[in-house]
Amino acid sequence: GSSPVAGGVLGNWSRNSYQTQGTSQSSHADPVDVSAVANPAPQGVYQSYSLANGTVGQGISWAVPVEDGNYTVRLHFAEDYIWSTPGQRKFDIQLNGATVQADFDIRAEAGASRKAIIKEYNVSAAGGQGINLDLITRSSGWGAEISGIEVLRVVAGGDAASKVNLQASLDNGLSWSTIATGLSMD
């Protein structure tokens, strides 16, 4: 979206760093219903969005520089415009050139405007190309729209050999307290 979001325990969400094509970013202050999604982003993520123009076939794109490997991409949406009926904004979702969902309609799938929905896809990055995400407008007048992109590395079987230290901050990262050290990953 249009600015970074500090989400406390939900993590910090960066501004739209890897966008390669698209028209604008915007935001609104209205609350977004996140009750129907598991592990939602912070409210501020859903209150901001990147938007493509409404020309059919045009879109909005990102090139996310990640190492070769397997990933889960979680795309966060909340229709910003108050539609009375679904079908006004449709677009295709493509990952690395393959259409993973055609004619996606945020309003239709969420059941209401300003209600969060998350679409989750598995994708592989290979040949040093990272992950390319394209949202291609399919309805005239209303361009593709997205609120957040979350990329999670998938490690088969976990990483049992790695050890981590667990710390907590109760003051938004100003100070940290160690809770445990040398924990195994599962």
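Here are some short exercises on this structure, each with a worked solution.

The structure is a predicted model: local features need pLDDT of at least 70, side-chain atom pairs count only at pLDDT 80 or more, and totals for chains, interfaces and linings use all residues. Residues are numbered from 1 along each chain as its sequence is written, and side-chain values use heavy atoms, with hydrogens and water left out.

**Exercise 1. Get an overview of the chain**

Task: Find how many helices and strands the protein chain has, and what share of its residues is buried.

Solution:
- Step 1. Start with the elements: the chain holds two helices and 15 strands. Helices (H or I, at least four residues) and strands (E, at least two) are DSSP runs, numbered from the N terminus.
- Step 2. Turn to burial, where buried means under 20% relative accessible area, exposed over 50%, and partly exposed in between (1.4 Å probe, protein chains only). Of the 186 residues, 38% count as buried.
- Step 3. Look at contacts, meaning heavy atoms within 4.5 Å. Among contacts between residues at least 6 apart in sequence, 68% join residues at least 24 apart.

**Exercise 2. Follow strand β8**

Task: Work out which residues of β8 lie on each side, and which strands pair with β8.

Solution:
- Step 1. Sort the residues by side: F91, I93 and L95 are on one side, D92 and Q94 on the other, and all are buried.
- Step 2. Draw the conclusion: five of the five residues of β8 are buried, so β8 is largely enclosed by the rest of the structure.
- Step 3. Find the partners, given that two strands pair if DSSP finds at least two bridges between them. Strand β9 (residues 98-104) runs antiparallel to β8 and is joined to it by four bridges; here F91 has F104 as its bridge partner.
- Step 4. Check the turn: β8 and β9 form a hairpin with two residues between them, and N96 in the turn has a positive phi of about 50 degrees.
- Step 5. Add the other pairing: β8 and β11 are antiparallel, with five bridges, and I93 stands opposite L135 in β11.

**Exercise 3. Explore the nonpolar cores**

Task: Find which residues touch the most other members of the largest nonpolar core.

Solution:
- Step 1. Recall the general idea: in soluble globular proteins, nonpolar side chains tend to be buried together.
- Step 2. Apply the rule: a nonpolar core is a set of buried Ala, Val, Leu, Ile, Met, Phe, Trp, Tyr and Cys residues joined through side-chain atoms within 4.5 Å.
- Step 3. Read off the residues: the largest core has 24, and those touching the most other members are L75, F77, F91, I93, I131, L133 and L135.
- Step 4. See where the core comes from: β6 (59-64), β7 (69-77), β8 (91-95), α2 (106-110), β10 (117-125) and β11 (131-137) each supply at least two of its residues.
- Step 5. Mark what lies apart from this core: another core has eight residues, among them A41, V45, A116 and I118.
- Step 6. Zoom in on F77: leaving out residues up to four places away in sequence, its contacts include Y46, F91, I93, F104 and A116.

**Exercise 4. Trace the salt bridges**

Task: Find which residues are joined with R89 in a salt-bridge network.

Solution:
- Step 1. Set the rule: a salt bridge is a side-chain nitrogen of Lys or Arg within 4 Å of a carboxyl oxygen of Asp or Glu. The count comes to nine salt bridges.
- Step 2. Warm up with R74 and E120, whose side chains meet at 3.0 Å, N to O. R74 lies in strand β7 and E120 in strand β10, so the pair ties together parts that are 46 residues apart in sequence.
- Step 3. Compare the burial of these two: R74 is buried, with a relative accessible area of 8%, while E120 is exposed at 51%.
- Step 4. Move to R89, which meets E79 at 2.9 Å, N to O, and D80 with the closest N and O atoms 3.4 Å apart.
- Step 5. Check burial again: E79 is buried at 1% relative accessibility, R89 at 3% and D80 at 11%.
- Step 6. Complete the network: salt bridges that share partners join E79, D80, R89 and E145.
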